[in-house]
Amino acid sequence: MNAGFFIRSLLVLLPVFGVALGFALPALGLGPWQDSAFAAFTIPVLVVLSYDIVASLRRGEVGLDIVALLSMAAALFVGEELAAVVVALMYAGGQFLEAYAERHARREMTALLARVPRTAVRHRGDGLEEVALDLVAPGDRLLIRQGDVVPVDGVVASGLAVLDQSALTGESIPVEQKAGETVMSGSTNAGEAFDLTASHRAAESTYAGIVRLVDGAQRSKAPMSRLADRFALAFLAVTVLIAALAWFFTGDPVRAVAVLVIATPCPLILAVPVAIVSGLSRAARHGILIKGGKAMEALARIQSLVLDKTGTLTDGRAKVVAIDILGNDDQADVFRLAASLDQASKHIIAQTIVAEAQNRQLSLTRPSEVVETPGEGVEGVVEGRKVAVGGLKFVRSKLLPGAESPDRSDAAAGGVVVAIAIDGRWAGEIRLADELRAGTEAFLQHLRTLGVERVVLATGDRREVAETIVAGLGFDAVRAGLTPDQKVLVVLSERKSGPVMMIGDGVNDAPALAAADVGVAMGARGAAASAEAADVVILVDHLDRIVPAIEIARRSRLIALEGVFAGIGLSIVGMVVAAFGYITPVQGALIQEVIDVAVILNALRALGDGSAATKA
Ligand code: ADP
Ligand code: MG
């Protein structure tokens, strides 16, 4: 991108110099060399352009750059050297403008990466030491000074934290966090200094996850948009046809050149990427990472929504309400073994259980031989004992033949139940209250007004839990007890009725996210296979951010389309006028540049607020 930007800048200077030199030559008594000067400074642009075209044809892409190539070559061929060098200038200028606009639009996303802290201030004995970020381990006590970016995820150890999360979430009002509350890395300390107990290493913290995702999204040179491709061939055909007709009926090749020139460089090449990148950038300001033009377009058109339950529809910060023990085991012991094992899992309920155990000051030990079945549960060895933790079905399947397992099908229908088996025997269950996110009802209604026709729940949890929690919310279907593969099937069957958005948070959602037209992952916490499989990542813990994301996507798409139609319309009018001989090639090149600048300025509107994109 940077090298490209440099070459583009250099490429504009050549024809600028060529034009200046050409017009200076007669004054120096070298008039006859004027046309050669124009031609000489067109040729490098022509060479670079041909190279680009060959490269894109190899990738199987037919771009509109071909029109630019045709018009420059044709102008040189018929002896319109001035027109040729002006087209070269306009083309190179258009490329430069586009690169500039794209950089401008990406600034927001780049800003997110620029703030990454490199060191942290750690308590040691009575003193403090500055350490490299990689050396910070969970349990370390860090001092977060005023203005510092919180380097790792952690818990407020003392004092009151006032955090500005605007760079991550777009939320401008600082949030206050008391001792014992969790702090997301990447926030800025907007209040007094406070102490933080690290809960994750830097590389496993939220901020690192976000940075990795943004970085990856920027690096991927995926095709910006299918929108432009769809129109490219048609526009190419129309241009060549009008040029050919003009030549055929007048016998004057200069007419054809004027037509080609006016079609170059095409607003299609400019309007669409600029509008889309502007939209991506604007979404980033709301804490939403959209991974490219394709995802953005799909987001603008979704008709069905498939939602995961735990951690997506519910906020995942479940509370442990009861621990029921079956036999004579000590309750704290069972809980400690289960939590020790769950340390190895990234499942959101597992994390809740670990946090609760730490709250109860239980000392957890390291599990070994851990095997996780995503969305069902996890098994492994803790302190020499074989432990299984997870859903009822999963844990039942881990019991020794003949072992007793209580029938809990009707118990606490609405709450999450995590079962525990130790050494092949049923040990007990942990009951958790996992509530709907605040504002879920309004969120779903908002989506309906945006044209979402079907809303389906797809959960790995039990049917009783699922149905209780969505009662009254107007879901069109509830699919429960699903494995990751079955979630994919739900998405595929919904796709029959239109573009589908799937929102999920867990590893068990990743395949379904990939299968959907738009996969949306909640949060970028740690590894998050889901965030990698997804097209859109909600970087913050607010499900309803998807509403502004859809609105931004629609607005950007609309602006891109406007640019395409207005730009193409004007170009075609110009081509027809040129075909009738009212515009010379040089005039044509100038007119087209005015159109292109207008189109780019219009596309940059997608960066702004607009009336359609309301705040969430
Ligand atoms: P959803 O699909 O709604 O997000 P999941 O399939 O992720 O739900 O989880 C369903 C249930 O599986 C949880 O409520 C919990 O009982 C159990 N579960 C899965 N993995 C684990 C784990 N690692 N630790 C504890 N419980 C788990
Ligand atoms: Mg989930």
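Is Asp505 buried or exposed? Asp505 counts as buried, at 17% relative accessibility, where buried means under 20% relative accessible area, exposed over 50% and partly exposed in between, with a 1.4 Å probe and protein chains only.

This is a predicted model, in which local features need pLDDT of at least 70 and side-chain atom pairs count only at pLDDT 80 or more, while totals for chains, interfaces and linings use all residues. Residues are numbered from 1 along each chain as its sequence is written, chains are lettered from A and ligands numbered from 1 in the order in which they are written, and side-chain values use heavy atoms, with hydrogens and water left out.

1. The magnesium ion (ligand 2) has as its protein donors Asp308 (OD), Thr310 (O) and Asp505 (OD), which lie 2.1 to 2.2 Å from it; donors are N, O and S atoms within 2.8 Å of the metal (3.2 Å for Na, K and Ca), and sites may look incomplete, as water is not among the atoms. Their spacing in sequence is D-x1-T-x194-D. Thr310, in helix α11 (residues 309–313), and Asp505, in the loop between β20 (500–504) and α18 (510–515), are 195 residues apart, and the pair links distant parts of the chain. Helices (H or I, at least four residues) and strands (E, at least two) are DSSP runs, numbered from the N terminus. Thr310 is also buried, with a relative accessible area of 12%.

2. Around ligand 1 there are 23 residues, of which Asp308, His347, Thr459, Gly460 and Lys487 come nearest; a residue is near a molecule or strand if one of its heavy atoms lies within 4 Å of it. Polar contacts are pairs of N or O atoms within 3.5 Å; within protein, one must be able to donate a hydrogen and the other to accept it, and residues adjacent in sequence count only if both atoms are side-chain atoms. An oxygen atom of ligand 1 is 2.6 Å from a side-chain N or O atom of His347, and polar side-chain atoms of Thr459 and Asp461 lie 2.5 Å and 3.1 Å, respectively, from an oxygen atom of the ligand. The protein covers 99% of the 560 Å² of accessible area that ligand 1 has on its own, by the Shrake-Rupley method with a 1.4 Å probe.

3. Strand β18 (residues 454–458) is largely enclosed by the rest of the structure, because four of its five residues are buried. Four bridges join β18 to strand β11 (residues 304–307), and the two run parallel; strands pair if DSSP finds at least two bridges between them.
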